[in-house]
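Work through the exercises below with the sequence and the 3D view open. Try each task before you read its solution.

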Amino acid sequence: MKNKLETSKKIELKYLLLLISMAYAFSFAIRMIWVYQFQDNPNFYWNDQLMINTNDGYTWASGAQHILYGMHGHNAGIRDMWGNATIFFTVLFTKITPFSLETIILYMPTMVSSLVVIPIILIARLYSQSLWGFFAALLGSIAWSYYNRTMTGYYDTDMFSAMAPMFILYFLMKSTMDFTPRAALYAAIAIALYPFLYDAGKSIVYAMGIMYALYMMFYHREDKITYISIVLVFISLVPFPLLMPYNYLVKIVVLLGVYFFFKRVPVEQKKLMILSVILLVLFMYLGNVFNLILSKVMGYMSTGTASEGLHFYGVKQTIREAGQIPFQTFANRISGSQLGVIISFIGYVVLVAKHRAFILALPLIGIGAFALWGGLRFTVYAVPIAAMSASYLFHVIMQTISDKKSMYIFGMSIMTAMMIYPNITHIIGYKVPTVLSKAEVSDLAKLNSISDSKDYTLAWWDYGYPIWFYSDTNTIIDGGKHQNDNFIISKIMTTSSSELVANLSRLAVETYVDANYSTIANALFKNGEENQVDPNLLLSELENGTYDMPEKSRDIFLYLPYRMLNIFPTVAIFGNLDLTTGKPERKIAFYPTNATSNNKGILSFQNGIVFDSLKGQVKVGRDTKNVKYFISTQNTKVDKIQIQSQLYHVDGEYTIVYMKSYNKFVIMDTETFKSTYVQMFMLGKYDKNLFDLVISSPYSKIYKLKK
């Protein structure tokens with residue numbers, strides 16, 4: 001009898017591993033579609049490998065460079081390997097495998113995110129329905145939103161964002177069914193590790209921990225095991241702020257110690273209840289729980305200018321993933337279609353009715369629903385649960401129709417395929433390019449060869465992390481550190497004063513170095529302090545050269561890429577402010593576009609603007625404005641710019657630049673035409689007393705400050 005039981009368990013384990021392997025292979029293979037689509041494009045390769053397709057990935061890659069090659073020694077923004085799993089595993093895989101760093105960061109999202117199939121199938125196995133879990137894993141591993149944020153090349157902590165909570169959910173659910181402290185211990189260890197894997201998701205595990213405690217108290221309040229389990233989970237949730245970023249290691253040791261203590265020493269239930277309450281209070285206080293959740297919500301719903309102290313422009317609403325989304329987008333990203341998300345919702349209701357432990361998944365559903373107000377990024381958390389819910393509804397339907405296994409598998413395959421189809425269609429059409437092209441990276445590599453690791457490159461924050469990785473120079477704003485300092489870079493890019501560009505750049509960098517990674521704008525203007533500086537006066541002194549400048553300690557480079565052309569209006573918003581009032585200084589007009597027709601000198605553009613080249617007038621919407629200059633530029637083989645100019649109206653309000661080499665027109669107001677970006681990148685004009693043009697290509701111009 002014993003041998004038969006052991007044989008049965010072995011067969012069941014082999015069956016489980018087979019299902020997991022098949023689901024993992026499917027997830028991996030689907031993510032290789034992007035590689036197949038771009039493998040023959042040499043513009044997307046660097047160091048003999050396809051480059052990654054997310055800007056933020058370069059911060060973790062730079063952290064790996066720091067450990068592996070000793071780069072970025074003067075970069076205060078480099079993350080600690082022991083406090084960040086993405087860097088840790090990148091370094092580990094680069095050291096123990098024959099693959100290059102570029103190969104590791106390209107394929108690591110595919111390898112890690114596909115692991116989500118394991119907890120999905122294991123959760124279904126809790127109910128002896130591994131096959132249901134298998135079909136759910138096929139859908140959940142590649143559904144729209146989850147794929148977008150974990151595709152090949154999307155090298156970011158998002159690869160852990162939804163996968164890790166599903167492991168936590170599995171252990172929490174298992175503890176409610178096995179009713180042993182061991183499963184709660186595993187859940188607690190997973191919770192303790194989560195900030196190491198994905199620090200941005202603390203509020204999610206907080207909510208899951210609270211939901212678990214409420215669930216156990218509601219359904220199992222009389223059982224002693226309940227309070228042991230709650231104690232273990234709350235220990236994992238209580239922050240150890242003095243031990244950052246290694247608190248997860250200490251927590252695991254503490255959890256193991258407490259677990260074995262409870263296993264060997266009997267503790268009265270009343271004392272366990274008191275300990276649970278104490279840990280709850282510590283968790284709520286030290287974790288700053290309500291403020292954390294509220295700040296997350298308000299942060300993603302805020303807009304406009306900051307109201308404390310000076311009035312800087314808020315950044316959240318300029319980020320597409322942080323804005324409100326329509327229901328159709330919400331539904332597509334969670335389940336692939338509006339019908340799909342409705343099926344998932346019905347399935348979840350049925351699932352909870354049949355298996356109440358799925359109530360523990362409510363925080364993941366809730367944060368996914370918040371995406372309707374908070375933005376695209378939140379949909380990813382609901383994807384695996386939505387997939388399980390839809391598949392469970394199909395599972396119930398097929399069990400009702402027939403008890404034959406062949407019929408069940410056939411029906412589940414058909415219905416799952418129907419859910420997967422719109423997601424696969426999306427994936428095939430989702431041809432995301434690499435962050436930079438080979439030519440752009442080549443410019444940054446040249447910068448690396450003429451600069452020192454202590455030098456600074458001033459650029460818009462979108463390009464901060466790639467600049468770190470490819471040029472080994474520092475930046476003052478990047479994907480994680482910008483906010484009020486966006487004003488400084490924006491002002492540098494939009495001012496018409498070369499003296500202000502040079503002086504503000506030098507002052508900002510030297511202040512940044514001295515301030516040890518604090519907010520430069522707040523330091524310069526003493527924002528919110530009693531002795532707050534008048535920003536207009538300070539900028540005026542920098543422009544006319546009367547400000548007492550700090551001594552030069554390093555070189556500073558100005559990075560002006562062609563790819564900033566389309567986002568320049570957004571860049572300009574941050575610097576086009578009177579910080580004392582928060583009101584725009586002027587109305588900026590900057591419209592990059594392409595011509596659609598030329599009818600006897602009347603040029604029509606894609607964005608609806610019409611230029612009458614005979615009268616020298618441009619029609620923007622209902623307004624007709626006189627054009628001052630029509631300028632044509634063309635790049636030469638020696639990286640020079642040939643300029644031809646035609647004057648129409650001396651008092652014209654608009655200037656049109658035709659960038660012939662790019663077949664691009666830019667219609668702008670005359671003041672914006674004088675800006676740093678337009679003059680130094682588009683026209684190649686600069687003050688040779690203040691700058692040296694050190695790198696010039698059609699893709700970027702990089703200037704070095706002389707002072």
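Four exercises follow, all on a predicted model.

**Exercise 1. The largest cavity**

Task: find the volume of the largest cavity, and state which residues line it.

Solution.
- Step 1. Start with the count. The structure holds three cavities of 30 Å³ or more.
- Step 2. Take the largest. Its volume is about 50 Å³.
- Step 3. List the lining. The residues are T633, N635, I641, M659, Y662, F681, M682, S697, P698 and K701.
- Step 4. Look for elements that give at least two lining residues each. These are β12 (623-635) and α30 (676-682).
- Step 5. Sort the lining by class. Six residues are nonpolar, three are polar and one is charged.

**Exercise 2. Two packed helices**

Task: describe how helix α20 and helix α21 pack.

Solution.
- Step 1. Recall what to report. Two packed helices are described by the angle between their axes and the distance between the axes.
- Step 2. Locate the pair. Helix α20 covers residues 383-401, and helix α21 covers residues 405-429.
- Step 3. Give the two values. The angle is about 145 degrees, and the axes are 10 Å apart.
- Step 4. Add the hand. The crossing of α20 and α21 is right-handed.
- Step 5. Name the residues in contact. From α20 come A390, S391, F394, H395, M398 and Q399. From α21 come M407, Y408, G411, M412, M415, T416 and M419.
- Step 6. Sort them. The contact has eight nonpolar residues, five polar ones and no charged ones.

**Exercise 3. Buried or exposed?**

Task: decide whether S406 is buried or exposed, then do likewise for D485.

Solution.
- Step 1. Place S406. This residue lies in helix α21.
- Step 2. Read its relative accessibility, 56%. Exposed means over 50%, so S406 counts as exposed.
- Step 3. Place D485. This residue sits in the loop between α23 (464-471) and α24 (486-494).
- Step 4. Read its relative accessibility, 0%. Buried means under 20%, so D485 counts as buried.
- Step 5. Check the contacts of D485. Beyond neighbours within four places in sequence, D485 touches I476, I477, S518, T519, I520 and A521.

**Exercise 4. A strand residue**

Task: say where I702 is found, and which residues I702 contacts beyond its neighbours within four places in sequence.

Solution.
- Step 1. Place I702. It is in strand β17 (residues 700-705).
- Step 2. Judge burial. I702 is buried, because its relative accessible area is 0%.
- Step 3. List the contacts. Leaving aside those neighbours, they are D443, L447, F557, L558, Y559, D692, L693, V694 and I695.

Terms used. Residues numbered from 1 in each chain as written. Predicted model: local features only at pLDDT ≥ 70, side-chain atom pairs only at ≥ 80, totals over all residues. Heavy atoms only, no water. 1 Å grid on protein atoms, 1.4 Å probe; cavity = no way out; pocket = protein on both sides within 12 Å on 5 of 7 lines; lining within 4 Å. Points joined across faces, edges and corners; volume = space filled by probe spheres on them. Helix = DSSP H or I, 4+ residues; strand = E, 2+ residues; numbered from the N terminus. Nonpolar A, V, L, I, M, F, W, Y, C, P; charged D, E, K, R; others polar. Axes fitted to C-alpha atoms, helices over the stretch in contact; angles between N-to-C directions. Left-handed = near helix turned anticlockwise from the far one by under 90°. Contact = heavy atoms within 4.5 Å. Buried < 20%, exposed > 50% of the residue type's maximum accessible area, 1.4 Å probe, protein only.
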